[in-house]
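Biologist: I'd like to go through this one with you and hear the reasoning behind each label. Could you bring it up?

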Amino acid sequence: MDKHKTHFDILIAGSGFSGTLTALALHQSGFKVGVIERGAHPRFAIGESSTPIADMILRSISEKYDLRWLHNFSRYGSWQHSHPEIVCGIKRGFSYYKHYPGKSFSTNTCHDNELLVAASSSDERSDTNWLRADFDAYLVEKIKAYQIAYWEKSEITGAERINDRWAIQFNHAGEVFSLSCSFFIDATGGGKLAAQLFSVPSVSGDFHTHSFALFSHFENIPRWVSVLESRGISTKDYPYDPDFSALHHLLDEGWAWALRFNNERTSWGFVLDGRVPYLLQMNTEDLWQMLEQKYPDMKLILKDASLSEIPGRVISSGRLQRRLESAYGDGWVAMPHTIGFVDPLFSTGIAYSLAGMERVVEALCAHRDFGGSLAEQLRDYEQAVFAEIRLIDYLVAGAYKAMPYFRLFNAWSMLYFTFTILYERRRMKNLPVNYFLEADKPEVQKMVHTSYEELSRLTGKGFVTEQEEENFTDRIRQIIQPYNTAGLLNPGSKNMYFHTAAALD
Ligand SMILES: Cc1cc2nc3c(=O)[nH]c(=O)nc-3n(C[C@H](O)[C@H](O)[C@H](O)COP(=O)(O)OP(=O)(O)OC[C@H]3O[C@@H](n4cnc5c(N)ncnc54)[C@H](O)[C@@H]3O)c2cc1C
């Protein structure tokens, strides 16, 4: 192929799972597609914890675009049967443990300091934690196998729009390339390329959430269950083993995630509340040490941990919240994670990315000449992604407000689980899917806005009484009641939910 003359229907920048899966779906739909990647695979990437919604979308993409092998990655069992060499972990659900400064974790028989929400009924059917280095590299091998043009270690330097075509310039192996395409997709996972090529700024100002993360991969992180057992804390009425879930340790100034892979590596990260001024002033090492000193179990868990070879260091994210001012323009569109991000709490990222990917591919397939009403459809997509970001922002910001008061956190998080169930049910009934988490539904918006105001009033006083916690929990129980098919906040559940992913009646 003469790379200086080749014309593509669509060029995609970025070969994370969004870029590669979009390339595969478009290729299968008959487009001539190329992918340009700045880095090289395998490479470290964060964003590992999948959900039932993400799995449903993988299955749907697999069927719709005749990518049957993709189906295997939508459940732990079929992943292991087909590709045990691609590392992942079992993720049976969402587990939360509340830690208090200076105290080791403790709880009671009502599980007052724990919340376990199962998303699957068995390990075989379980969601997964993706080792992104492995999974993304596999997807890149797939695009090559489908003969999709792929360049890595390539730095895009310019894009010029001439007569309905883009001329995309990039540097690769010391050579300057210029490729032509009719349409360009930015799947670079951040706002920098859109700012560079299309002068579209990425903003953070209108978010309620303000958080940043310190994270890496570690060896030798002990099982949390062994810590619980050493304290005589019973796990016998747990719906699953929390070491095989998205495990959250809630602190007063934020939270820590622990995602275990089946090679015993663990993804560990602290996500901290950037509204707390002294946290922003500390460097990564001091923050890490401070959290270990303040929370005895953080120290216990991390004391023998060593950094995994990749990435081999603790990464500090800076403020996580960002949103492009525009998600599309003349002849281009950005994928959801490129458009914006809120925070890893509730693991919305993969599903939100895949939900957006479905819409982008459908819009392009419906407008093969990239004309007609494509711009209108992309405007609808932009509105959807912006609304989804707003909803996730409310959900996460409320969770940070509630974090010091576990009962409030517990009640608040049920809004997220309710919205996921609503969306899952829609998909399972084959109803047309609209916005991720039903972010366009007035009843969803009303639930979250009114509850957020109430929560802000309560926590804004600086203390919350037990009676106030109970009243707030009652309020959430009432408002989710019409949609609550999983017994959420049922007092008899004792914070242990055995299966919340939607099942059809
Ligand atoms: C701290 C943190 C924790 C997260 N945890 C979770 C989680 O637990 N669960 C979840 O669902 N989501 C999570 N997410 C979100 C998740 O990371 C994203 O949803 C996911 O990575 C999106 O994939 P992507 O392919 O769109 O982008 P990315 O994974 O970011 O991939 C982008 C690709 O583009 C390449 N690239 C970048 N710039 C250029 C350029 N100029 N030219 C060419 N290529 C370029 C990069 O090298 C990379 O390969 C988390 C995010 C963060 C920040």
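What follows is a conversation about how the labels on this predicted model are justified.

Biologist: Before anything else, what makes you confident in a predicted model like this one?

Modeller: The mean pLDDT of the protein is 96, and 98% of the residues score at least 70. Taken by element, helix H1 (residues 17-28) has the highest mean, 99, and helix H8 (residues 277-281) has the lowest, 94.

Biologist: How many helices and strands are there in the protein?

Modeller: 16 helices and 22 strands.

Biologist: And why is the protein called as compact as a globular protein of its length?

Modeller: Set the value against the rule: the radius of gyration is 23 Å, and the globule rule gives 23 Å for 505 residues, so the protein counts as being as compact as a globular protein of that length. Along the principal axes, the C-alpha atoms fill a box of roughly 70 × 50 × 45 Å.

Biologist: What share of the residues counts as buried?

Modeller: 59% of the 505 residues. As for the surface, the protein exposes about 19,700 Å², with carbon and sulfur atoms supplying 49% of that area.

Biologist: How much of the contact set comes from residues 24 or more positions apart?

Modeller: Among contacts with a separation of 6 or more, such pairs account for 73%.

Biologist: What about the charges, how many positive and negative side chains are there?

Modeller: There are 51 positive and 61 negative side chains, and the centres of the two sets lie 1 Å apart.

Biologist: Let's get down to single residues. Why is Phe270 called buried?

Modeller: Buried means under 20% relative accessible area. Phe270 comes in at 0%, so Phe270 counts as buried. Phe270 sits in strand S15 (residues 266-273), and its contacts beyond four places in sequence include Phe212, Leu251, Trp255, Trp288 and Met298. For a sense of distance, the C-alpha atoms of Phe270 and Ala363 are 38 Å apart, with their positions 93 residues apart in sequence.

Biologist: Glu285, then: buried or exposed, and how do you know?

Modeller: The cut-off for exposed is over 50%. Glu285 has 58% relative accessibility, so Glu285 counts as exposed. Glu285 belongs to helix H9 (residues 284-294). From C-alpha to C-alpha, Glu285 is 29 Å from Arg323, which is 38 residues away in sequence.

Biologist: What makes Asp66 partly exposed?

Modeller: Partly exposed is the band between the buried limit of 20% and the exposed limit of 50%. At 42%, Asp66 falls in that band, so partly exposed is the label. Asp66 also has a positive phi, about 50 degrees, although it is not a glycine. Its place is the loop between H2 and helix H3 (68-71).

Biologist: Which label does Lys153 get, and why?

Modeller: Exposed: Lys153 is at 59% relative accessibility, and the limit to beat is 50%. Lys153 has a positive phi near 50 degrees, again in a residue other than glycine. You'll find Lys153 in the loop between strand S7 (149-151) and strand S8 (154-162).

Biologist: How do you know that Val342 is buried, given its place in a loop?

Modeller: The label rests on accessibility: 3% for Val342, set against a cut-off of under 20%. The loop in question runs between strand S21 (340-341) and helix H12 (349-366). Among the residues Val342 touches are Phe207, Leu320, Ile389, Ile392 and Val396. The C-alpha atoms of Val342 and Ser316 are 16 Å apart, at 26 residues along the chain.

Biologist: And what makes Ile480 buried?

Modeller: Its relative accessible area is 0%, so Ile480 is buried. Ile480 is in helix H16 (residues 466-480) and touches residues including Met414, Leu415, Met447 and Leu488. Phe419, 61 residues away in sequence, is 9.2 Å from Ile480 between C-alpha atoms.

Biologist: Last topic: where are the cis peptide bonds that involve Pro42 and Pro311?

Modeller: One joins His41 and Pro42, with omega about 0 degrees; Pro42 lies in the loop between strand S2 (33-36) and helix H2 (52-64). The other runs from Ile310 to Pro311, with omega near 10 degrees, and Pro311 is in the loop between strand S16 (306-307) and strand S17 (315-319).

Technical notes: Residues numbered from 1 in each chain as written. Predicted model: local features only at pLDDT ≥ 70, side-chain atom pairs only at ≥ 80, totals over all residues. Heavy atoms only, no water. Helix = DSSP H or I, 4+ residues; strand = E, 2+ residues; numbered from the N terminus. Rg over C-alpha atoms; globule rule 2.2 N^0.38 Å. Buried < 20%, exposed > 50% of the residue type's maximum accessible area, 1.4 Å probe, protein only. Contact = heavy atoms within 4.5 Å. Areas by Shrake-Rupley, 256 points an atom, 1.4 Å probe, with all protein chains shown as cover. Lys, Arg positive; Asp, Glu negative; His and termini not counted. Charge placed at Lys NZ, Arg CZ, Asp CG, Glu CD. pLDDT = per-residue confidence, 0-100.
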